[in-house]
Every structure is written in C-alpha cells, then in structure tokens.
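Colleague: I am new to this structure and would like to go through it step by step. Could we take it as a set of questions, with the reasoning given before each result?

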Amino acid sequence: MGFLHLFIVNKSGGLILHRPLGQSAPRIGTNEWLRIGSTFHSLHAIAAEASPVKLPGNKNSAGADDGIEEIRGGGLILKCLQTRTGVKFVITAEPGTSDLDAVLREIYVLYSDCALKDPFYELEMPIRCELFTNAIDNLIEKVESGGFKTR
Amino acid sequence: MQHYVNRGGSSSEGSAVSLSAFAYVYSELVQYHQGRAASISELERRLESAGYGVGLKVLELVAYRTKETKRETRLMSILHFVSSSVWKALFGKSADSLERSIDHADEFMIVDYEPITSTFVSVPPDLGQLSADAYVSGIIAGVLDGAGFSARVTAHSVNVEEGEYAKPQGGNVVTGLPARKDKAVFLVKFSQEVLARDAALER
C-alpha cells in the first residue's frame with residue numbers, strides 16, 4: 001500500500017487541502033501545490049470537452065461534471081472523485097495500491113462530517129479542521145493495516 | 001440516536017432523530033450567534049441562553065415522563081436527576097460521570113466523553129478556550145434553575161488521559177471517527193442560598 005498524496009480542490013479551482021499520506025510521498029512546497037491544484041482543475045474540465053464520447057448533459061452517473069477520473073502513469077496512479085457541488089478529491093498512490101475508490105468515497109464522507117458540520121469552517125476556504133485531518137490519518141492507517149471495510 | 005421529538009404528552013420511547021440533522025442545525029445556530037457576538041465569552045453566553053429555555057422545558061417533560069410524584073429538594077438528588085434522567089432523555093445515555101470538586105464545596109462536575117454538540121466541531125486556535133458545548137451547559141442551568149437550585153454552569157474541554165476512557169472499537173461507533181482527544185466537563189457552581197438550604201435540610 002503506497003499512498004502518496006491527497007489534495008482537495010474547490011469548485012473554483014482553488015486548493016483547499018493537501019496532505020502527504022505516507023513516508024514515500026515527495027515533499028512539495030505550498031506554492032507548487034497551489035499550481036498543481038489549479039492545473040488539475042483546468043485539465044479536468046478540458047478533458048471532458050476533448051473526450052470523443054460526450055455524456056448526456058456532460059454529467060457522469062453520479063451527477064457530477066464529467067472530467068478526469070483516473071490517470072495511470074509509470075510510477076503513479078491518480079484518482080479523482082468529483083462531487084455534485086464541484087469539489088474534487090484527488091488521491092495519488094503507487095501502482096498496485098487497491099481500494100483507491102473506496103478510500104476516496106470514505107474521505108468524501110469524512111469531509112461531509114468533519115468539515116461541513118463544523119460551524120467554524122467556511123465553505124470553499126482552506127480546511128483547517130483538526131478533526132478532518134486526524135480522521136484522514138486514522139483512515140489511511142486503517143487501510144494500510146488491512147482493517148478497513150467499506151460501508 | 002435518541003432525541004426528543006415533539007409528540008405531545010404521551011409518546012413512545014425510541015423516536016430517533018439523525019445525528020447529522022442535529023449537527024447541521026446546531027452548526028447554523030453557532031454560526032448565527034458567532035455573527036452577532038463581539039467576543040468569545042459573548043458567544044458562549046449566547047449559546048448558554050439558547051439552551052436555558054430548553055432546560056426549563058426539559059425539566060417539566062422529563063419529570064412528567066419519569067412519573068416523579070415528588071419534586072427533588074436535595075442537591076445530590078437533583079444532580080443525579082440531571083446526570084441520568086435528563087441526559088438519557090436528551091442524548092440516549094447517562095452522563096459518564098458526576099464528580100464533586102475537592103477544592104470547592106459548591107462545585108460539581110458532570111462529564112461527557114462524547115457530547116453530540118461538539119462531535120464534528122474543530123475549534124480554531126484563535127478561539128482558544130471556547131467550548132461548543134456551551135448550549136448544553138445552558139440546558140443544565142435551565143433544569144437546575146427551574147427546579148429551584150440556581151447555579152452557574154460552564155462547559156470546558158478537558159484532555160482525556162491515556163487509558164481514561166477505553167472504547168472497544170477504538171473510536172466512535174456511530175460516526176466512524178477516531179476517538180476524541182477531549183471530553184466535555186460541565187462545571188456546576190451552586191449559589192450560596194442553595195448550599196445553605198441543603199445544609200439546613202441535612203440536619
């Protein structure tokens with residue numbers, strides 16, 4: 001299990017969270033992260049237009065906008081979950097890591113619990129909720145030790 | 001998770017309200033007051049007054065439902081009433097502990113390891129000691145005042161010591177979140193007349 005990074009992009013393309021998920025994750029500076037976040041946001045939108053197959057209404061089966069769902073590279077898998085509200089949860093991992101979809105969905109649930117129900121969190125702003133980051137670390141730990149069961 | 005649902009005088013136990021629904025409504029309540037409060041203590045006071053009215057009504061309702069024929073006149077009995085009957089009616093479980101302060105004879109502590117008012121709340125560092133459970137301390141104050149035991153109730157977030165509270169699954173079963181690092185301690189400070197009256201009744 002080699003989780004690398006998690007980053008979350010809001011509906012306008014701004015980065016609201018980036019978090020290394022393991023020791024093998026390369027350290028990337030904050031400005032780099034902001035660039036990565038907005039670049040991914042634009043590529044996600046362009047990919048839907050460049051695709052030879054157009055989905056009805058340009059929306060995927062989950063009701064979210066069509067766009068990049070997965071990128072497979074030589075040493076990397078990148079998976080993206082976009083919500084109906086335009087928030088994109090992106091996770092990168094070493095090839096061979098399983099359950100990325102389930103982990104992304106679980107992170108979405110944690111976001112809706114710890115960030116959206118927190119009265120001190122402002123929507124679309126960088127997430128500073130301790131509960132959220134602790135829960136993510138806890139989740140990754142559980143997945144790596146094999147104790148994670150999908151809901 | 002159990003909560004009061006308004007069904008008139010007689011109702012069957014077990015009407016559950018979703019924790020998420022409560023969390024969203026409570027989050028809006030906190031944001032509403034935060035927008036109108038000029039300081040942290042004012043925000044806490046606003047949350048406490050919001051809970052106070054609930055406390056007065058909860059006292060009547062719980063006393064009626066538990067078929068209490070005599071109202072409580074002793075300090076320890078009213079504290080037990082709050083930490084078990086009122087807690088059960090509101091949160092579906094009794095409070096985790098009821099303690100008496102060693103240093104002050106007029107102070108008692110009600111402890112809850114998983115208060116639902118702060119299950120999903122992360123207090124930012126610039127709001128320091130704010131406890132989102134101030135609403136519950138308002139409820140407790142309302143119950144005590146209504147029963148004739150005026151008290152000042154405040155909510156505090158205290159770190160949980162290692163091994164103090166062991167959950168078998170290593171976290172919250174309902175929410176799936178990891179175990180909390182802090183517990184809510186409701187400090188109840190009774191007024192002097194209440195203590196004097198209780199001491200007189202002792203004799």
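Modeller: Let us begin with one residue: this is a predicted model, and in it A:Asp137 is partly exposed, with a relative accessible area of 29%.

Colleague: With which residue does the side chain of A:Asp137 meet in a salt bridge?

Modeller: The pair links distant parts of the chain, since A:Asp137 belongs to helix α3 of chain A and its partner to strand β2 (residues 15–20) of chain A, 118 residues apart. The partner counts as partly exposed, at 23% relative accessibility. The two side chains meet at 2.8 Å, N to O, and the partner of A:Asp137 is A:Arg19.

Colleague: How many salt bridges does a search of the whole structure find, and how many are there between chain A and chain B?

Modeller: Over all chains, the search finds 18 salt bridges. Between chain A and chain B, however, the count of salt bridges is zero.

Colleague: Which element gives the largest share of the side of chain A that touches chain B?

Modeller: On this side of chain A, two or more residues come from each of α2 (100–115) and α3 of chain A. The residues of the side divide into eight nonpolar, three polar and five charged. The largest share, five residues, comes from α3(A).

Colleague: What area do chain A and chain B bury between them?

Modeller: The contact involves 16 residues of chain A and 20 residues of chain B. Of the area that chain A buries against chain B, 48% is supplied by A:Lys117, A:Pro119 and A:Phe120, more than by any other three residues. Of the area buried between the two chains, 62% is on carbon and sulfur atoms, and the total is about 1600 Å².

Colleague: Is A:Leu131 buried or exposed?

Modeller: A:Leu131 has its place in helix α3 (residues 130–144) of chain A. Leaving aside its neighbours within four places in sequence, A:Leu131 is in contact with A:Cys114 and also with residues of chain B, namely B:Thr119, B:Phe120, B:Val121 and B:Ser122. Its relative accessible area is 18%, and because the cut-off for that class is under 20%, A:Leu131 is buried.

Colleague: Which residue has its backbone oxygen 3.3 Å from a polar atom of the side chain of A:His44?

Modeller: A:His44 is found in helix α1 (residues 30–50) of chain A, and at 5% relative accessibility A:His44 counts as buried. Not counting residues up to four places away in sequence, A:His44 touches several residues, among them A:Asp65, A:Asp66, A:Gly67, A:Cys80 and A:Lys88. The backbone oxygen that lies 3.3 Å from the side chain of A:His44 belongs to A:Ile68.

Colleague: What pattern does chain B follow when it is read along the sequence?

Modeller: Chain B has five helices and four strands, and buried residues make up 42% of its 203 residues. Among the contacts in chain B with a separation of 6 or more, 66% are accounted for by residues 24 or more positions apart. Read along the sequence, the pattern of chain B is α-α-α-β-β-α-β-β-α.

Colleague: How far apart are the end C-alpha atoms of helix α2 (residues 40–65) of chain B?

Modeller: The buried residues of α2(B), including B:Leu43, B:Leu47, B:Val58 and B:Val62, pack against α1 (19–36), α3 (75–91), α4 (134–146) and β3 (151–159) of chain B. At 1.5 Å a residue, the 26 residues of the helix should span 38 Å, and this agrees with the distance in the model, where the end C-alpha atoms are apart by 37 Å.

Colleague: With which residue does the side chain of B:Lys93 meet in a salt bridge?

Modeller: B:Lys93 counts as partly exposed, at 27% relative accessibility, while its partner is buried, with a relative accessible area of 2%. The side chains meet at 2.6 Å, N to O, and the partner is B:Asp112. B:Lys93 lies in the loop between α3 and β1 (97–100) of chain B, so the pair ties together parts that are 19 residues apart in sequence, the other being strand β2 (residues 107–112) of chain B, which holds B:Asp112.

Note on methods. Residues are numbered from 1 along each chain as its sequence is written. Chains are lettered from A and ligands numbered from 1 in the order in which they are written. This is a predicted model: local features need pLDDT of at least 70, side-chain atom pairs count only at pLDDT 80 or more; totals for chains, interfaces and linings use all residues. Side-chain values use heavy atoms; hydrogens and water are left out. The expected span of a helix is 1.5 Å times one less than its number of residues. Buried means under 20% relative accessible area, exposed over 50%, partly exposed in between (1.4 Å probe, protein chains only). Contact means heavy atoms within 4.5 Å. Buried area is the accessible area (1.4 Å probe) that two parts lose on being put together, summed over both. A salt bridge is a side-chain nitrogen of Lys or Arg within 4 Å of a carboxyl oxygen of Asp or Glu. Ala, Val, Leu, Ile, Met, Phe, Trp, Tyr, Cys and Pro count as nonpolar, Asp, Glu, Lys and Arg as charged, and the others, Gly among them, as polar. A polar contact is a pair of N or O atoms within 3.5 Å; within protein, one must be able to donate a hydrogen and the other to accept it, and residues adjacent in sequence count only if both atoms are side-chain atoms.
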